[in-house]
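Open the model in your viewer and keep the selection tool at hand. The tour moves from stop to stop, with a short note at each.

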Amino acid sequence: MSGIYIHIPFCRKACIYCDFHFSTQLEYKEKMVQAICKEIELQKDYAGGEAVESIYFGGGTPSVLSNEELNAILNSVTKDHIVSEKVEITLEANPDDLTEERIKEFKQAGINRLSIGIQSFDEEELKWMNRSHTVDQSVACVKAAQNKGFDNITIDLIYGSKFQDINKWKNNLQKAFDLNVQHISAYNLTIESKTVLGNWFGKGIEPAVNDEFSQQCFEWLMEETERKGFIQYEISNFGTNHHFAVHNSNYWKGNKYIGIGPSAHSYDGKNRQWNIANNPQYIKSIESGIVPFEKEELSINDQYNEYLLTRLRTMWGVDLNYIEKQFGEKYLNSFLENTKEYISNGEMVKNNSVYTLTKKGKLLADRISSELFEEN
Ligand SMILES: C[S@@+](CC[C@H](N)C(=O)[O-])C[C@H]1O[C@@H](n2cnc3c(N)ncnc32)[C@H](O)[C@@H]1O
């Protein structure tokens, strides 16, 4: 069981908050697609020949790919990898790219899960974010995709910006429910340093994100999604009827994945590696037959810490049996000792051998997992 992540490092416009690797110079697109196809071949043995269960086109904005480019990449995957029959194929798309014609092409290409970057249903906020679409386009593209038979749609939303108050956030969420999508990802706005927003913040033009307000939004998000029948299977991810992302769940369960394209990360169970985050340098290196990456071997402590960090964010939780088998008694005892406090103050619950965060604990997920980390 493995997954393939394909990073498409192009966007038509730069969103003010985004620090993912991308360029707005689309003239490299053709060469990039050729390089991506070549890297798919070069990396064919990375996951030890395990069947590919998920293919994820992330970005950037993968919906900038032409139909031919998308099909060329998918053909490379099926040529060089064993792809499971029931593979999940996700494409991140921006609403302004999702015309009826393009939706049809995506469906024909085999995309069976659309991840639509809606972010907000407030026109003013979208403009501030420098998004390239309107609220009407968001609503129309979801309906068009549903009409063309997409039955696994997820949308991204962001909460906590200065444009929102709790009623606006409630309204955003209600609009998402009204669209009858199967899955919602909702992220707290973070101000990253190398972004326009980070720059404004540094100059004092932009206020910090108000933690108390973000917490209020997150509490409403957890309660309201639950009322509407969504399951919070990861801190920021909510799915109905088991429409959980196969691809992202693989990350959280510690399965292997191959990351293709500039800045993409790969994991083989023990090592993590990440490709260079520079489009021309990536293309040049791949053309000469070399994947340009840096690599880190994870120590036992790193593996344990990652296990806690990822699993505590999910409904699958941390399993004592896994800790004992994988890491040994020392780690087990330390976990048992250090979690007593969270159990007694209602931030964690124990169900047989599995520990998960309660709603109260989820508000402090990052702090709790870092307090449980073993020092290197
Ligand atoms: C790789 S991006 C998706 C890109 C997609 N082309 C788009 O623009 O919608 C994945 C998601 O992460 C979220 N995100 C990115 N930067 C963020 C930030 N600084 N704070 C909060 N959420 C962020 C957004 O919801 C975004 O849709």
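## Stop 1: the ligand and its shell

This is a predicted model. Select the ligand, then colour three strands: strand 4 (113-119), strand 5 (153-159) and strand 6 (183-188). Each of them supplies at least two residues of the shell around the ligand.

Now show the whole shell. It holds 16 residues. The closest are Gly 60, Gln 119, Arg 131, Asp 156 and Thr 190. Colour the shell by class, and five residues come up nonpolar, eight polar and three charged.

Next, turn to the nitrogen atoms of the ligand. Which residues place a polar backbone atom by a ligand nitrogen? Tyr 17 has a polar backbone atom 3.0 Å from a nitrogen atom of the ligand. For Gly 60, the distance from a polar backbone atom to a ligand nitrogen is 2.7 Å. Thr 61 uses its side chain: a polar atom there lies 3.3 Å from a nitrogen atom of the ligand. How much of the ligand does the protein bury? Taken alone, the ligand exposes 570 Å², and the protein buries 92% of that.

## Stop 2: the peptide bond at Gly 60

Stay on Gly 60. Gly 60 sits in the loop between strand 2 (52-59) and helix 2. Select Gly 59 as well and look at the bond that joins the pair. The peptide bond from Gly 59 to Gly 60 is cis, with omega near 20°. As background, most peptide bonds are trans.

## Stop 3: helix 1 and what covers it

Select helix 1, residues 29-42. Put a distance between its end C-alpha atoms: they are 20 Å apart. Why does that agree with the length of the helix? At 1.5 Å a residue, the 14 residues of helix 1 should span 20 Å, so the two values match.

Show the buried side chains of helix 1. These are Lys 29, Met 32, Val 33, Ala 35, Ile 36, Cys 37, Glu 39 and Ile 40. Keep one rule in mind while you look down the axis: an α-helix has 3.6 residues a turn, so residues three or four places apart point the same way.

Then add the cover. It includes strand 1 (2-8), helix 2 (67-80), strand 9 (256-260), strand 11 (271-275) and helix 10 (279-287).

## Stop 4: helix 10

Move on to helix 10. Its buried residues are Asn 279, Tyr 282, Ile 283, Ser 285 and Ile 286. They pack against helix 1, strand 9 and strand 11.

Check both ends. Which residue caps the N-terminal end of helix 10? Asn 278 does: a side-chain oxygen lies 3.0 Å from the backbone nitrogen of Gln 281. Just after helix 10, select Gly 289, which takes a positive phi of about 90°.

## Stop 5: two asparagines with positive phi

Most residues other than glycine have a negative phi. Here are two to compare with that rule.

Select Asn 130, in the loop between helix 4 (123-129) and helix 5 (135-147). Phi of Asn 130 is near 65°. Asn 130 is partly exposed, with a relative accessible area of 27%.

Now go to Asn 241, in the loop between strand 8 (237-239) and helix 9. Asn 241 has a positive phi of about 40°. Is Asn 241 buried or exposed? With a relative accessible area of 65%, Asn 241 is exposed.

## Stop 6: Trp 252

Select Trp 252 in helix 9 (residues 246-252). Trp 252 counts as buried because its relative accessibility is 12%, and the cut-off for buried is under 20%.

Show its contacts beyond four places in sequence. They are Tyr 233, Glu 234, Asn 237, Thr 310, Arg 311, Thr 314 and Trp 316. For a longer view, add Phe 213. Trp 252 and Phe 213 are 39 residues apart in sequence and 28 Å apart in space, C-alpha to C-alpha.

## Stop 7: two more asparagines, in helices

Select Asn 305 in helix 11 (residues 300-312). Asn 305 is buried, at 10% relative accessibility. Setting aside residues up to four places away in sequence, Asn 305 touches Phe 373 and Glu 374.

Finish at Asn 171, in helix 6 (residues 166-178). At 38% relative accessibility, Asn 171 is partly exposed. Add Ser 120, which is 51 residues away along the chain. The C-alpha atoms of Asn 171 and Ser 120 are separated by 9.7 Å.

Technical notes: Residues are numbered from 1 along each chain as its sequence is written. This is a predicted model: local features need pLDDT of at least 70, side-chain atom pairs count only at pLDDT 80 or more; totals for chains, interfaces and linings use all residues. Side-chain values use heavy atoms; hydrogens and water are left out. A residue is near a molecule or strand if one of its heavy atoms lies within 4 Å of it. A polar contact is a pair of N or O atoms within 3.5 Å; within protein, one must be able to donate a hydrogen and the other to accept it, and residues adjacent in sequence count only if both atoms are side-chain atoms. Accessible areas come from the Shrake-Rupley method with a 1.4 Å probe; for residues, only the protein chains shown count as cover. Helices (H or I, at least four residues) and strands (E, at least two) are DSSP runs, numbered from the N terminus. Ala, Val, Leu, Ile, Met, Phe, Trp, Tyr, Cys and Pro count as nonpolar, Asp, Glu, Lys and Arg as charged, and the others, Gly among them, as polar. The expected span of a helix is 1.5 Å times one less than its number of residues. Buried means under 20% relative accessible area, exposed over 50%, partly exposed in between (1.4 Å probe, protein chains only). Contact means heavy atoms within 4.5 Å.
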